[in-house]
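Please open the structure in your viewer and keep the selection tool at hand. This tour moves from one selection to the next and says what is there.

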Amino acid sequence: MYSVQDLEKNEYFAEILKNTAIENILDPLTGLITRNVFSGYVEELIKKNQEFALCIIDLDNFKMVNDNYGHHIGDLVLIDISETLRKYMGDDGIVARYGGDEFIFTYQKEVSYDAIHKFFEDFYRSKVLRRNLLVGGINIFMTATTGCATYPYDGKNYDDLFAKADKTLYRGKFKGRNCFIIYVEDKHKDIDVKKMISSDLYTIFYNLNNKFENATSELNKFRNSVIYLKSEKKFSTILYVNKNNDLIDLETSINYGKINLSQIMASRNLYSTNATLKLKEIDKDVYLQLKHLNIQSLLIQTIKKRHNIYGYLIMAESRINRLWQPEDEALLFFFSTLIANYFNDTK
């Protein structure tokens, strides 16, 4: 919780506190600055033409915490993360609760892309946003996704900056969460947040089915489907393990050699991990093969029709520890079903 002594170091808040009790500018649950007071602070920074970064944080899968453990535990998580954020930022910025499980803060040191990138690498590495929390006797692993934009380079007012930080936040969530994205005009100006939000599973299933069914060859059925999925859901790689245990990139047809998933998939149809190091305990050889390909997280789905197994599909990420979502699992299952039905009818 911010104290009077904390905030009086800042000229803007010192002036406010002359006439306003501190409890009137703090969020009652987390003790962070309220959303409205924070926006006024940002506008003051802009008025003074002071460089800063505006960053939005969204906790990953926070709804599952409330659903599984109750809102009391959810509140304890928010309090813990809020205090960690406040302490970590110190005098380098101001942290506010935006609402629900979202936070917003300023970073007021050097705001070049490289400097901010280094800040966020340290931010995540220091386990501010990627760590186990022991709350109410329950151990919960929490991660978060962050979007960031800078003044004056990305926007000249609060609304512009917020919109661009929000775009990059959704870009990060779309890529699999548990990451940070810094706004870059050439890369992010055409992001359509509404389109990303409204990209429903029915539409994706429908289009994927058409891509698969309308292709005239097995190669194109696989390739066209993968290109569509990578475009729609921003997966890095989709691999196929055939009945001969060949590991094949479905877009490029590159064969990475033999891999045997029998130990990993022995008693399951779906395997999910956001840290391939966990595979080392199950099958060291598979772990080393995937490590060689720089794969950090993966989903594996058996391609199966009745009792016939035609291989495996793997969604793989090499750049981030992607937090796989239920819709990712549903997509992989649907794609595997298309392939299984095709093989069952033709082979």
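In this predicted model, begin by selecting Arg97 and Asp27, which form a salt bridge whose closest N and O atoms are 3.3 Å apart. The two residues come from distant parts of the chain, since Arg97 lies in strand E2 (residues 95-99) and Asp27 in the loop between H2 and H3, 70 residues apart. Both Arg97 and Asp27 are buried.

Select next Glu11 and Lys48, whose side chains meet in another salt bridge (3.7 Å, N to O). Glu11 belongs to helix H2 (residues 11-16), while Lys48 sits in the loop between helix H3 (35-47) and E1. Here Glu11 counts as exposed, because its relative accessibility of 61% is over the 50% cut-off, whereas Lys48, at 45%, is partly exposed.

Now turn to the nonpolar interior, and select Leu7, Ile33, Phe105, Phe120 and Phe123, the residues with the most contacts inside the largest nonpolar core, which has 62 residues. Strand E1 (residues 52-59) gives the most to this core, with seven residues. Around Leu7 you can look for the residues that it touches, among them Phe13, Leu17, Ile33 and Ile94.

Finally, select helix H4 (residues 62-69), where Phe62, Val65 and Asn66 are the buried residues. They lie on the same side of H4, because they cover an arc of only 95° around the axis. On the other side of H4 you will find Lys63, Asp67 and Asn68, which are exposed. If you add E1, helix H5 (71-89) and strand E5 (138-142) to the view, you will see part of what covers the buried residues of H4.

How values were computed
Residues are numbered from 1 along each chain as its sequence is written. This is a predicted model: local features need pLDDT of at least 70, side-chain atom pairs count only at pLDDT 80 or more; totals for chains, interfaces and linings use all residues. Side-chain values use heavy atoms; hydrogens and water are left out. A nonpolar core is a set of buried Ala, Val, Leu, Ile, Met, Phe, Trp, Tyr and Cys residues joined through side-chain atoms within 4.5 Å. Buried means under 20% relative accessible area, exposed over 50%, partly exposed in between (1.4 Å probe, protein chains only). Helices (H or I, at least four residues) and strands (E, at least two) are DSSP runs, numbered from the N terminus. Contact means heavy atoms within 4.5 Å. The arc is that of the directions from the helix axis to the C-beta atoms. A salt bridge is a side-chain nitrogen of Lys or Arg within 4 Å of a carboxyl oxygen of Asp or Glu. Lists of a residue's contacts leave out its neighbours within four places in sequence.
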